[in-house]
Amino acid sequence: MEIIRSRRGLIIACCIFLLALIAGGENLPQNIKRNCSYTVTIQTTCTKGADTSDHVSLRFGDKKSNDMIVHHLNSKHVRQVDPLQPLVLDDIPRKPFQACLVDEFQVTGQCMESPICYLFLKLSGSDDWRPGFAQVEALEESGLSSKSFYFRRYLPRNVWHGSDLCSKEINPFGIRHKRKVFKKTPAAAETLMP
């Protein structure tokens with residue numbers, strides 16, 4: 001009889017413990033990474049031969065090592081806008097990266113925790129392409145949007161090319177930027193050109 005009572009007491013104690021664990025677990029922080037939406041604006045310069053039909057990839061991130069890569073940015077094209085006014089030229093799908101035009105792209109991915117401070121572009125193919133500037137706008141929180149990153153030169157092919165404004169150090173000789181080295185991805189080794 002004593003064994004049955006001790007087992008019954010043990011079962012009741014376990015049930016109470018499980019209920020307390022379940023009730024307390026509701027307040028634990030969830031480490032679920034949420035996605036955020038971004039509008040990427042890229043201008044192609046007016047130089048002859050500045051346009052491209054090749055694949056363009058985009059990489060941007062913040063000081064806290066949040067890194068987002070968008071392969072084949074061409075497929076995320078939303079619209080072309082007038083470079084002189086923020087008006088939409090038309091909503092008819094057109095080929096992105098044409099000379100003298102500004103293109104907008106919608107991308108979704110990892111949320112940034114601090115303002116976007118680096119941006120790199122990669123051109124894959126045989127065309128030459130000369131972007132003017134690129135900018136990323138965080139739609140959920142405008143304080144995380146980037147400043148404009150200026151290129152104004154033909155991009156080298158098959159390497160990441162851009163600017164990193166995250167880690168700069170001021171010394172007596174001027175501003176020194178630390179070089180950003182990306183981790184190798186399983187799909188391909190990513191390289192960076194300063």
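User: Which residues do ring pairs link into a cluster with Phe97?

Analyst: This is a predicted model, in which local features need pLDDT of at least 70 and side-chain atom pairs count only at pLDDT 80 or more, while totals for chains, interfaces and linings use all residues. Residues are numbered from 1 along each chain as its sequence is written, and side-chain values use heavy atoms, with hydrogens and water left out. Rings of Phe, Tyr and Trp (its six-membered ring) pair if their centres lie within 6.5 Å, and planes under 30 degrees apart count as stacked, over 60 as edge-to-face and the rest as tilted. Through such pairs Phe97 is linked into a cluster with Phe105 and Trp129.

User: The structure holds five aromatic pairs; what is the geometry of the rings of Tyr38 and Phe60?

Analyst: Tyr38 lies in strand 1 and Phe60 in strand 2, strands being DSSP runs (E, at least two residues) numbered from the N terminus, so the pair ties together parts that are 22 residues apart in sequence. Tyr38 counts as buried at 2% relative accessibility, and Phe60 is buried at 0%, where buried means under 20% relative accessible area, exposed over 50% and partly exposed in between (1.4 Å probe, protein chains only). The ring centres are 5.2 Å apart and the planes stand at 75 degrees, so the pair is edge-to-face.

User: How many residues does the largest nonpolar core have?

Analyst: A nonpolar core is a set of buried Ala, Val, Leu, Ile, Met, Phe, Trp, Tyr and Cys residues joined through side-chain atoms within 4.5 Å. In the largest one, the residues with the most contacts inside it are Tyr38, Ile42, Phe60, Leu119 and Leu121. Elements that give two or more residues to this core include strand 1 (35-44), strand 2 (55-62) and strand 7 (116-124). The core has 27 residues.

User: Which cysteine forms a disulfide with Cys36?

Analyst: The structure holds three disulfides, each a pair of cysteine sulfur atoms within 2.5 Å. Cys36, in strand 1, is paired with a cysteine in the loop between strand 6 and strand 7, 75 residues apart. The sulfur atoms are 1.8 Å apart, and with 95 degrees about the S-S bond the link is right-handed; the partner is Cys111.

User: Is Cys46, which a disulfide joins to Cys100, buried or exposed?

Analyst: The S to S distance of Cys46 and Cys100 is 2.1 Å. Cys100 counts as partly exposed at 32% relative accessibility. At 55% relative accessibility, Cys46 counts as exposed.

Terms used. Helices (H or I, at least four residues) and strands (E, at least two) are DSSP runs, numbered from the N terminus.
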